[in-house]
Amino acid sequence: MALSIPFANTYAHLPERLFARLAPTPVSAPRLLQLNLPLAEALGLDPAALASLDGVAMLAGNLVPPGADPIAQAYAGHQFGHFNPQLGDGRAILLGEVIAHDGQPRDLQLKGSGPTPWSRGGDGRAAIGPVLREYLISEAMHALGIPTTRSLAAVASGDEVFREVPVWGAVLTRVASSHLRVGTFQYFAARRDTEALATLVDYALARHYPGAEGAAGLLAAVVARQAALVARWMLVGFIHGVMNTDNCAISGETIDYGPCAFMDAYDPNTVFSSIDRAGRYRYGHQPRIVQWNLARLAEALLPLLSDDEDQAVSQAQDILAGFADHFQAAWRTGLNAKLGLHTVRDGDEALVQEFLQAMTEAKADFTLSFRHLAAAAGGDATALRDQFLGTAALDAWLPRWHARLAAEPMPERQQAMLHTNPAVIPRNHLVEEALAAAAERDDLKPFEALLAVLRSPFAPPADPRYALPAADGMPGYQTFCGT
Ligand code: AMP
Ligand code: MG
């Protein structure tokens, strides 16, 4: 099957200082671990061609397909609050953009494809475990309806990579609306390269926000998208784990699945990442961090906002001030929808807060508590009460919630709630089980079974095990960056 991909290469046509032109470094023995058929089709790519010898060679970085113009992109970023002027794609290569069936361009990027000028001593590689983790969780996020980069393929490299111990390497093909980050703008701002900044603004507007104008228009649009995005994360208990400004996408997609994980028992202070010792990126802190990241974007754009510095700053502040409203609107309507309500009325915030407070006291499972509200709305609160055993918090809350439901009649309420509150999320113990089987025993069955369930998160799984947290609650569970 011939491999013919109509690459657009729009980024590679920008000025040379925005990237480094180089090909991926070949691996020893490419072997397809996973190919995303629905995504291939959405991208207009032939799955059979991708699975062919040439296709797998391309997905491994061993063959640069005709028409591709591979590059590594320059970017900077604040990592845990500290600015690094020089990050860049240290282990990723953008092959080019393809036009998907929706008419929009998507980046095809190989991650783990070998060293680049930005590798800073790293090996440029990725290990099977983290590659499959990104594949699984990004696809789960997509199925939950949350904007995200996606995963087209995972290919084992046949090479060992050395982390704490030797592990097998892999290459992920990441698909993104673009890989522009807050850090992309910071890179050129730090170099006082206003011309490159202006080029990037035009590029970002054309690609993501054709209705917006200028740096101010871009900033406002990104503020709105990122506020909506973080609200969506919060509504499903997602903890990104490493919200550095280089991992904050201009498109408003979730990007960079390293130490991310879903919260089981509700606790706003939940942190999983082993390196996030101060809890900077804990669940409940995420909106503030997104806002902080957006302030860094605003700073980078200052020279384009106005020639008058004071004016530029006050314009930036006005736009950033819009974040709170965007976030609150998305968060409050989202939470109300989870409670079975279409409108947001006075007093609803207290109702929501009390439910969350009760969950905290009871260490109730976030996903299941909301999921079981649908049955409770229909009069059967048994499963819901099971989440709150040993506390009386729900007793006062339930009648108030029922009264609020009664004030807003909705014929299909339970159905709507079951499509808002997922039955399944990627449960940490199941993710670990699936990754261990794949990485240690070359057994992809648990991974594929879990992926299949996660593709329909609002349907009750045939095997109820997929809907449940680990029996012991996994105390002390930690995730790792996987670099
Ligand atoms: P991340 O933590 O994935 O956001 O990566 C932060 C920075 O480290 C980026 O510039 C990456 O390209 C770089 N990086 C991460 N892992 C590696 C690696 N194995 N080799 C080279 N660079 C890496
Ligand atoms: Mg990153």
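1. A strand here is a DSSP run of E residues, at least two of them, numbered from the N terminus. With that in mind, look at strand β9, residues 150-162, where you'll find Ser151. Bear in mind as you read that this is a predicted model.

2. Ser151 has 0% relative accessibility, and buried means under 20%, so Ser151 counts as buried. Its side chain makes a polar contact with the Ser138 side chain, at 2.9 Å. Setting aside neighbours within four places in sequence, the residues in contact with Ser151 include Asn36, Leu39, Glu134, Tyr135, Leu172 and Thr173.

3. Next, the metal. Ligand 2 is a magnesium ion, and Asn247 (OD1) and Asp256 (OD) coordinate it at 2.1 to 2.2 Å. Both Asn247 and Asp256 are buried.

4. Now the nonpolar part. The largest nonpolar core has 104 residues, and the members touching the most others are Tyr11, Phe185, Ile250, Leu339, Phe355 and Trp401. Helix α7 (residues 214-236) supplies the largest share of this core, 14 residues. Take Phe355 for a closer look: beyond residues up to four places away in sequence, it touches Leu339, Ser369, Phe370, Leu373, Leu384, Phe388, Leu394 and Trp397.

5. Finally, try helix α6, residues 194-208. Its 15 residues reach 21 Å from first C-alpha to last, close to the 21 Å expected at 1.5 Å a residue. Among its buried residues are Ala196, Leu197, Leu200, Val201, Tyr203, Arg207 and His208. And what covers the buried residues of α6? The cover includes strands β6 (92-99), β7 (105-111) and β10 (166-176), along with helices α5 (182-190), α7 and α8 (286-305).

Note on methods. Residues are numbered from 1 along each chain as its sequence is written. Chains are lettered from A and ligands numbered from 1 in the order in which they are written. This is a predicted model: local features need pLDDT of at least 70, side-chain atom pairs count only at pLDDT 80 or more; totals for chains, interfaces and linings use all residues. Side-chain values use heavy atoms; hydrogens and water are left out. Donors are N, O and S atoms within 2.8 Å of the metal (3.2 Å for Na, K and Ca); water is not among the atoms, so sites may look incomplete. Buried means under 20% relative accessible area, exposed over 50%, partly exposed in between (1.4 Å probe, protein chains only). A nonpolar core is a set of buried Ala, Val, Leu, Ile, Met, Phe, Trp, Tyr and Cys residues joined through side-chain atoms within 4.5 Å. Helices (H or I, at least four residues) and strands (E, at least two) are DSSP runs, numbered from the N terminus. Contact means heavy atoms within 4.5 Å. The expected span of a helix is 1.5 Å times one less than its number of residues. A polar contact is a pair of N or O atoms within 3.5 Å; within protein, one must be able to donate a hydrogen and the other to accept it, and residues adjacent in sequence count only if both atoms are side-chain atoms.
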